Amino acid sequence: MEMPIDEARLVQDLVRFGAIASISADPHHGEDVHSSAQTVAEAFRELGMKAKVVSAQGGLPAVIGRREGPEGAPTVLLYAHHDVQPVGDRSLWSSDPFTVTARSGRLYGRGTADDKGAIAVHLEALRCLGPDLPVTIAILIEGEEEVGSPTLSALLSEHLDQLDADVVLAPDSVNIQTMHPSLTVSLRGLLNVIVTVQTSQHQVHSGLYGGAVPDAIGALVRILASMSDDVGGVVIEGLMGAWTGASGQSESDIRRQSGLLDGVELIGRGTLGERVWDGPAITITGIDAPPAAGAANVLSPRARAAVSVRLTPEQDPSDALKALEAHVRSHTPWGADVTLEVTASGAGWRAEKETPGVERAHRSLTEAFGNASVAVGVGGGIPFIAALVEALPAVDVVVTAIQDPQSHAHAPDESVALSALVAATRAEMNFLAALGSDAAIASRTETSCP
């Protein structure tokens, strides 16, 4: 028998998951990532699911599980990830990033929106559906999504018997507004690299050698600047460009949501949808060099930068890496030594057509959120989707969301609206029930046919 959604219980789940600093990119938090996996597995075991912690090829831990539904019912794989991004400068947070804090209808903390809130939604939806599930449920709660899911394909291969499904439900995208739901139909790929430049063996006096000896920071800046043109368009030969003509959000929405300063222009070419959903993008996410404050008058022998490349949904990340390497080497000045290290990589995905699962999801989301669900592209990536489609080509992919433009995922003061968590739980319950009802109707029809 279906039970009502318990908001307090939903928040309690998020509080206990959010308290663990499961930062997959930081080896110092390796124990936290393992603790997070164990905590999530125990939460699903409390519901009677046979959940266990697994890993592949020495990768970070994931949680998998399965619970059988009625005979002949479809299998739905519920996906989320329990790892989170680093918190950055803690002084920019209004509250402790690992203490989930409620303010004005939103829950603040690292991972609340991306993606521990989705784990809480899965748990509450299953609780509310009760012991007699309408479909067979499989779960995959990944532990290395935020570093590009490097061992995911191997994990899927090793545990495909547990994870085999007809439909995958992945609430790891972004709604267009807080209570305006969306279904994601395309995702960009990802290639993160560290570019390191070295020009000499040690520091030297800039007054004695400046003007003759190159400095590594100057060389690095030239390399980074060569990756885009004067309007910010990517100019790396071999990176695929956008072609869909998707319109995307308005310029005013993007300016408001991003906090862009007055007078600062948007960059890139093509429609806004092509720029942020479909096309390649280059972002310099970090630079290692002496800080400006107190900098000595010396030539830096070594500098490096973190470069994040967003790829079109169809681009092979290995081909993109070859293109990036060729570009960097051909634009490295003064014979400087340059190396590239890949830190994250993942393929994109584009839905080929609107499937029955997507149609059902649109109806469930519209009913639960009270506003019509819309199809969108998303500039971020979910490596799991491409890997799963490769392992299960016939799987019906449904990518939903709990976060919104106010969530500030990956940034300080990440948050999720409690109303969105409740609505997403309702939508998931309705979606699973509808899939089970469809299967039951089909089974009765087949049985009654002469």
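The following questions and answers concern a predicted model of one protein chain.

Visitor: Over which residues does pLDDT stay under 50?
Guide: The chain as a whole averages a pLDDT of 93, and 97% of the residues score at least 70. One stretch has zero contacts beyond four places in sequence in the model. There pLDDT stays under 50, and the stretch is residues 441-450.

Visitor: Is strand E3 largely enclosed or left open by the rest of the structure?
Guide: Buried here means under 20% relative accessible area. On one side of E3, Thr75, Leu77, Tyr79 and His81 are buried, and on the other side Val76, Leu78 and Ala80 are buried. Seven of the seven residues of E3 (residues 75-81) are therefore buried, and the strand is largely enclosed.

Visitor: Which residue in E6 stands opposite tyrosine 79?
Guide: Strand E3 pairs with strand E6 (residues 136-142) in the parallel sense, over seven bridges. Strand E3 also pairs with strand E7 (residues 167-174) in the parallel sense, over three bridges. In E7, leucine 77 has valine 168 as its bridge partner. In E6, the residue opposite tyrosine 79 is leucine 140.

Visitor: Which strands stand at the edges of the open sheet E4-E5-E18?
Guide: The three strands of this open sheet are in the order E4-E5-E18, with antiparallel pairing. An edge strand here has a single partner strand, so one side of it is left without a neighbour in the sheet. The strands at the edges are E4 (101-103) and E18 (415-417).

Visitor: Which residue in E5 stands opposite alanine 102?
Guide: Strand E4 and strand E5 (residues 106-108) pair in the antiparallel sense over three bridges. Opposite alanine 102 stands leucine 107.

Terms used: Residues are numbered from 1 along each chain as its sequence is written. This is a predicted model: local features need pLDDT of at least 70, side-chain atom pairs count only at pLDDT 80 or more; totals for chains, interfaces and linings use all residues. Side-chain values use heavy atoms; hydrogens and water are left out. pLDDT is the predictor's confidence in each residue, from 0 to 100. Contact means heavy atoms within 4.5 Å. Two strands pair if DSSP finds at least two bridges between them. Helices (H or I, at least four residues) and strands (E, at least two) are DSSP runs, numbered from the N terminus. Buried means under 20% relative accessible area, exposed over 50%, partly exposed in between (1.4 Å probe, protein chains only).
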